[in-house]
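Student: I am new to this structure. Please take me through a single part of it, slowly and closely.

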Amino acid sequence: MVFIPEKPDPVVGESENDFYPTPPSAAGPPIRSLYPVFGVPEMLLLGIFRPHFEPLGVHVQTQHSKDLHTPLLLVRTTRAGGANGIYPDDPRFLRSYKVVLSIITSGMDAEYQAAQLIEAAQHVILRAVQEQTVVPGHGNISFVREWIDPVRVSDFQTATNIVQYPSLPRDLVRYEQAFNIMVRPDVRKNVNPFVSTAYQTKE
């Protein structure tokens with residue numbers, strides 16, 4: 001399939017305004033693509049972790065709320081670079097993300113509970129890879145590789161994760177772990193209103 005442009009390309013010496021006399025409208029048609037549309041990686045992670053952790057009373061978020069409630073699992077993508085990154089040869093059908101998990105707990109057994117929850121999170125992400133769990137509109141994790149072992153960290157200043165506090169609040173314990181993941185898009189559902197795709201799969 002070939003898309004025919006709605007407007008001709010400007011010729012040498014003519015202004016682009018000859019073909020676009022007014023700015024594009026925000027209500028205009030979405031960008032067209034021939035390839036699958038990737039979702040939001042944080043939404044993929046929430047879709048994987050929340051069904052397992054929320055029934056256990058564990059909050060799962062992508063950022064800190066105004067009132068921090070524990071136990072809390074923070075899931076977030078961050079920058080990957082150098083030897084820590086995995087880079088697919090063809091990003092049309094496979095994308096790489098670096099994922100950081102933080103477990104924050106409080107109470108007498110905070111450290112013990114945080115260590116157990118970070119271990120549980122690892123099993124959830126490995127199960128999602130094994131079962132190829134698809135979060136509608138956001139795809140599935142096809143491969144995972146650990147690059148930071150589970151470890152207790154004393155504050156947010158040295159955090160690999162998002163930093164919204166200058167220091168860890170008193171009486172809280174935080175464990176951190178990081179993974180590289182490879183994500184495949186959900187080719188059956190596109191949730192991006194800015195992109196339409198002609199890509200289709202055979203059932």
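Student: Which residues in α2 are buried?

Tutor: First, some ground rules. This is a predicted model, in which local features need pLDDT of at least 70, side-chain atom pairs count only at pLDDT 80 or more, and totals for chains, interfaces and linings use all residues. Residues are numbered from 1 along each chain as its sequence is written, and side-chain values use heavy atoms, with hydrogens and water left out.

Now the helix. The buried residues of α2 are A110, A114, L117, I118, A121, Q122, V124, I125, A128 and V129. Buried means under 20% relative accessible area, exposed over 50%, and partly exposed in between (1.4 Å probe, protein chains only). These residues lie on the same side of α2, because they cover an arc of only 160° around the axis. That arc is taken from the directions from the helix axis to the C-beta atoms. The opposite face, turned away from the buried side, carries the exposed residues Y112 and Q130.

Names such as α2 come from DSSP runs: helices (H or I, at least four residues) and strands (E, at least two), numbered from the N terminus. α2 has 22 residues. From its first C-alpha to its last it reaches 31 Å, close to the 32 Å expected at 1.5 Å a residue. The expected span is 1.5 Å times one less than the number of residues. Just after α2, Q132 takes a positive phi of about 50°.

What does the buried side meet? The buried residues of α2 pack against α1, β4, β5 and β6. Contact here means heavy atoms within 4.5 Å.

This leads to the largest nonpolar core, which has 32 residues. Such a core is a set of buried Ala, Val, Leu, Ile, Met, Phe, Trp, Tyr and Cys residues joined through side-chain atoms within 4.5 Å. Its elements with two or more residues include α1 (41-53), α2 (110-131) and β6 (172-184). The largest share, 9 residues, comes from α2. Among the residues with the most contacts inside the core are F49 and L73. F49 shows how α2 joins in. Not counting residues up to four places away in sequence, F49 touches V60, L73, V75, L101, A121, V124 and I125.

Next, two strands that the helix packs against. β4 is mostly covered, with 9 of its 12 residues buried. β6 is largely enclosed by the rest of the structure, because 12 of its 13 residues are buried. β4 and β6 pair in the antiparallel sense over 12 bridges. Strands pair if DSSP finds at least two bridges between them. One of the bridges joins R95 to V183 in β6. Another joins V99 to F179 in β6. On a further edge, β5 and β6 pair in the antiparallel sense over 10 bridges. There V153 has R174 in β6 as its bridge partner.

R174 has a second link. Its side chain makes a polar contact with the side chain of S102 (2.9 Å). A polar contact is a pair of N or O atoms within 3.5 Å; within protein, one must be able to donate a hydrogen and the other to accept it, and residues adjacent in sequence count only if both atoms are side-chain atoms. S102 lies in strand β4. At 0% relative accessibility, S102 counts as buried.

Last, L172 in strand β6. L172 counts as buried, at 15% relative accessibility. The C-alpha atoms of L172 and E111 are separated by 8.7 Å, though the two are 61 residues apart along the chain.
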